[in-house]
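Dear colleague,

I am passing the structure on to you with this message, and below it you will find my notes on what turned up when I went through it. Please read them with the coordinates open beside you.

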Amino acid sequence: MKGLFISFEGTEGSGKTTQVALLAESLRDWGRRVRVVREPGGTPIGEEIRHTLKHSQQNQAMAWETELLLMNASRAQLVREVIRPALAAGEIVLCDRFADSTIAYQGYGRGLDLEIVRQVIQIAVGDTKPDLTLLLDVPPGVSRERLRSRQATLPFLRDRIEEADAAFFERVARGYRAIAAAEPQRVRVIDATGSVEQVRAAIWREVAPLVALKAT
Ligand code: Z5A
């Protein structure tokens, strides 16, 4: 039986990684087989691409088109190496970002032509698309504050994408609102301003009925 594919989306610091881990724990407690992956990355090739995109000392001059293609090169590998086999084996795949990130960041944020962005995504994903997307929604102030407190606890690691200005992140947020409005059945907007446990409960309300229906 085909598994279930759930992606998490949202601006940085919205709590995606935290909630992916908690949902994986709840689903495993429920006896489900769960595969957790992230983008960009999630495979050995993808993790090398992630380093080039985010932290490499050589990435300062990266063109937006290069960024688009590298995001989707990582995705093409992840889909074929991990996501399709896991779904075919009946697992629940939880993906920390997927194709909507490209629409929001490279399309709305960088301003690349949306039709071309969609065509590149299509090459990467084919017919492998999320059954459900959880869009964690927080205002920019909350996002910045959470990132600031996390950074205070970690060694500094330069991140090219996070160096963009506030207007870029406002365009990204607008992109996410447009995606959610266009596909309300697939994309569920979760108010992620509450406590970790409140957000976890809101996510479970969306996921539990679907898992009960679809996954083994
Ligand atoms: N990108 C792209 O441009 N195009 C694409 O196609 C794809 C990605 C796939 C990936 O960065 C970058 O790539 C990202 C988009 C771009 N760039 N930016 N900028 P990443 O994977 O390193 O990081 P991220 O996806 O942006 O997420 P993040 O910064 O790691 O944040 P998060 O996963 O949403 O949040 P978190 O790590 O779970 O939580 C952040 C902090 O807040 C942490 O200290 C938590 O303990 C805390 N937290 C979490 N939830 C709460 C609640 N509810 N209350 C209080 N505090 C909380």
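To begin with the ring contacts, arginine 32 sits over the face of tryptophan 30, with 4.9 Å to the ring centre. A second arrangement of this kind involves arginine 110, which lies over the face of tryptophan 64 at 3.9 Å from the ring centre. Please keep in mind throughout that this is a predicted model, and that the values here are accordingly computed from predicted coordinates.

Turning to contacts between aromatic rings, the search of the whole structure gives 5 aromatic pairs. One of these joins phenylalanine 168 to phenylalanine 169 in an edge-to-face arrangement, with 5.0 Å from centre to centre and 80 degrees between the planes. Phenylalanine 168 counts as buried because its relative accessibility, 2%, falls under the 20% cut-off, and phenylalanine 169, at 18%, is also under that cut-off and therefore counts as buried too. Both phenylalanines belong to one aromatic cluster, in which Tyr105 and Tyr176 are the other members.

Two features of the backbone may be worth your attention when you inspect the loops. The peptide bond between glutamate 39 and proline 40 is cis, with omega at about -15 degrees, and proline 40 is placed in the loop that runs between β2 (34-38) and α2 (44-54). The other feature is at arginine 97, where phi is near 80 degrees, a positive value in a residue that is not glycine. Arginine 97 belongs to the loop between β3 (92-96) and α4, and with a relative accessible area of 13%, which is under 20%, this residue is classed as buried.

Finally, I looked at the second largest pocket, which holds about 380 Å³ of space. Its lining is made up of 16 residues, and those closest to the pocket centre are Asp100, Ile103, Arg118, Glu183 and Arg186. Two or more lining residues come from each of α4 (99-109), α5 (114-125) and α7 (166-182). By residue class, the lining of this pocket comprises 10 nonpolar residues, 5 charged residues and 1 polar residue.

With best regards

Key:
Residues are numbered from 1 along each chain as its sequence is written. This is a predicted model: local features need pLDDT of at least 70, side-chain atom pairs count only at pLDDT 80 or more; totals for chains, interfaces and linings use all residues. Side-chain values use heavy atoms; hydrogens and water are left out. On a 1 Å grid over the protein atoms alone, a cavity is a set of points where a 1.4 Å probe fits but cannot get out, and a pocket is an open set with protein on both sides within 12 Å along at least five of seven lines; lining residues have an atom within 4 Å of a point. Grid points are joined across faces, edges and corners, and a volume is the space filled by probe spheres set on the points. Helices (H or I, at least four residues) and strands (E, at least two) are DSSP runs, numbered from the N terminus. Ala, Val, Leu, Ile, Met, Phe, Trp, Tyr, Cys and Pro count as nonpolar, Asp, Glu, Lys and Arg as charged, and the others, Gly among them, as polar. Rings of Phe, Tyr and Trp (its six-membered ring) pair if their centres lie within 6.5 Å; planes under 30 degrees apart count as stacked, over 60 as edge-to-face and the rest as tilted. Buried means under 20% relative accessible area, exposed over 50%, partly exposed in between (1.4 Å probe, protein chains only). A charge sits over a ring if NZ of Lys or CZ of Arg is within 6 Å of the ring centre and within 35 degrees of the ring normal.
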